[in-house]
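Trainee: I would like to look closely at one part of this model, the largest pocket. Please walk me through the pocket, the parts that line it and what lies around them.

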Amino acid sequence: MRYKHSRIQLGVARSLVLRRRESSRTRLSYKSLLDVFQVVQACRVPTPLVPPFAAVAVRCYGKRVPEHGRAKKLDDSDSDSDSDDERAASKQRGESEFWRRKMRTLHGLLDLNKDGVISYDDYKLLADRFVDLGHLSPQDTVEFHKAIQEMWEEQWGSLDAYNLVTTEQYLAEMQHMVNDKSLKKKAHLFLPYLFKAVDKDKSGEISVEEFKIFFKCLGLTDQDAINAFNVIDTNTDGRLSCKEFVKLGRDFFITEDPLRPSKMFWGPLVP
């Protein structure tokens, strides 16, 4: 152990020496020096011998984040709750043939005049079919048309009748959408209005008969509606809540799992 003398300790010793000098007015005896030495010894404060780099080493260790801690934090921030079974970081959504088949099906439904392309007029005419059922409130009607217009403008730009979208363009844009978090959150914003439009008794649930109305607006048959409803009504209670309806419609856009019941939400898939 090494010992360090503070200025206070040395001052105490010096004062004792001066007092003895003043009292005896003679040179200090060996006994006096011994007494002073013993006082100083008693005032010594032990200080552990610490290598000069030790404190630095401790500080560096304190700031270090363990490797497993960092990995967990990255996993949390990168997690995607949309479909946990598809979280392969190295693979984008929308690359499977099954997903592309679903998007071709939807493009065909939106192409009301069956000319192979879709325009804003197709979007608006389809929206009008649901509005004309008469089950939406005036406020819902305004909001529905606004949602449809904003969705078109954000995805396709101009509302011009000559702004036409082919099947391949539609597939490319929808793939971009499902891989963009901000766009993906908006993909289902129009679905609650479709639900309200076919919920004719305003019960907050739709039956298979009301689901037939939904499919009729899409240009599909009653039998198509029955077949689809039997698949998507997973709890077999004969009803779909708005939450179930929206979740199924949104899942159709996102998932690439061919076993999900949502694959039937927009009717039978094209070959």
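Mentor: Happy to. Accessible areas here come from the Shrake-Rupley method with a 1.4 Å probe, and for residues only the protein chains shown count as cover. By that method, the protein chain exposes about 16,900 Å², with carbon and sulfur atoms supplying 56% of it. This is a predicted model, in which local features need pLDDT of at least 70 and side-chain atom pairs pLDDT 80 or more, while totals for chains, interfaces and linings use all residues. Residues are numbered from 1 along each chain as its sequence is written, and side-chain values use heavy atoms, without hydrogens or water.

First, the setting. The chain has 13 helices and four strands, which are DSSP runs numbered from the N terminus (H or I, at least four residues; E, at least two). Of its 271 residues, 38% are buried, meaning under 20% relative accessible area, with exposed being over 50% and partly exposed in between. Take the contacts (heavy atoms within 4.5 Å) between residues at least 6 apart in sequence: 66% of them join residues at least 24 apart.

Now to your pocket. The largest pocket has a volume of about 520 Å³. A pocket is an open set of points on a 1 Å grid over the protein atoms alone, with protein on both sides within 12 Å along at least five of seven lines, and lining residues have an atom within 4 Å of a point. The lining comprises 28 residues, and A147, I148, M151, A187 and F190 are the closest to the pocket centre. Two or more lining residues come from each of α5, α6, α7 (138-156), α8 and α10 (191-198). The greatest share is that of α7, which gives nine residues. By class, 22 lining residues are nonpolar, one is polar and five are charged.

Among those lining elements, α5 deserves a closer look. Helix α5 runs over residues 97-110, and its 14 residues reach 20 Å from first C-alpha to last, close to the 20 Å expected at 1.5 Å a residue. Its buried residues are F98, W99, K102, M103, T105, L106, H107, L109 and L110. Their cover includes α6 (120-131), α8 (167-178) and α13 (242-254).

Follow the chain on into the loop between α5 and α6, where you find K114. Phi of K114 is near 55 degrees, a positive value in a residue that is not glycine. Most residues other than glycine have a negative phi. K114 is exposed, with a relative accessible area of 58%. S119 sits in this loop between α5 and α6 too, but S119 is buried, at 7% relative accessible area. Setting aside residues up to four places away in sequence, S119 touches W152, A161, N163 and L164.

Finally, look at α11, since α6 and α10 help to cover it. Seven of the ten residues of α11 (208-217) are buried: E210, F211, K212, I213, F214, F215 and C217. Besides α6 and α10, the cover of these residues includes β3 (205-206), α12, β4 and α13. Just after α11, G219 takes a positive phi of about 85 degrees. Farther along, T236 lies in the loop between α12 (222-232) and β4 (240-241). T236 has a positive phi of about 50 degrees although it is not a glycine, and T236 is exposed, with a relative accessible area of 65%.

How values were computed:
Expected span 1.5 Å × (residues − 1). Buried < 20%, exposed > 50% of the residue type's maximum accessible area, 1.4 Å probe, protein only. 1 Å grid on protein atoms, 1.4 Å probe; cavity = no way out; pocket = protein on both sides within 12 Å on 5 of 7 lines; lining within 4 Å. Points joined across faces, edges and corners; volume = space filled by probe spheres on them. Nonpolar A, V, L, I, M, F, W, Y, C, P; charged D, E, K, R; others polar.
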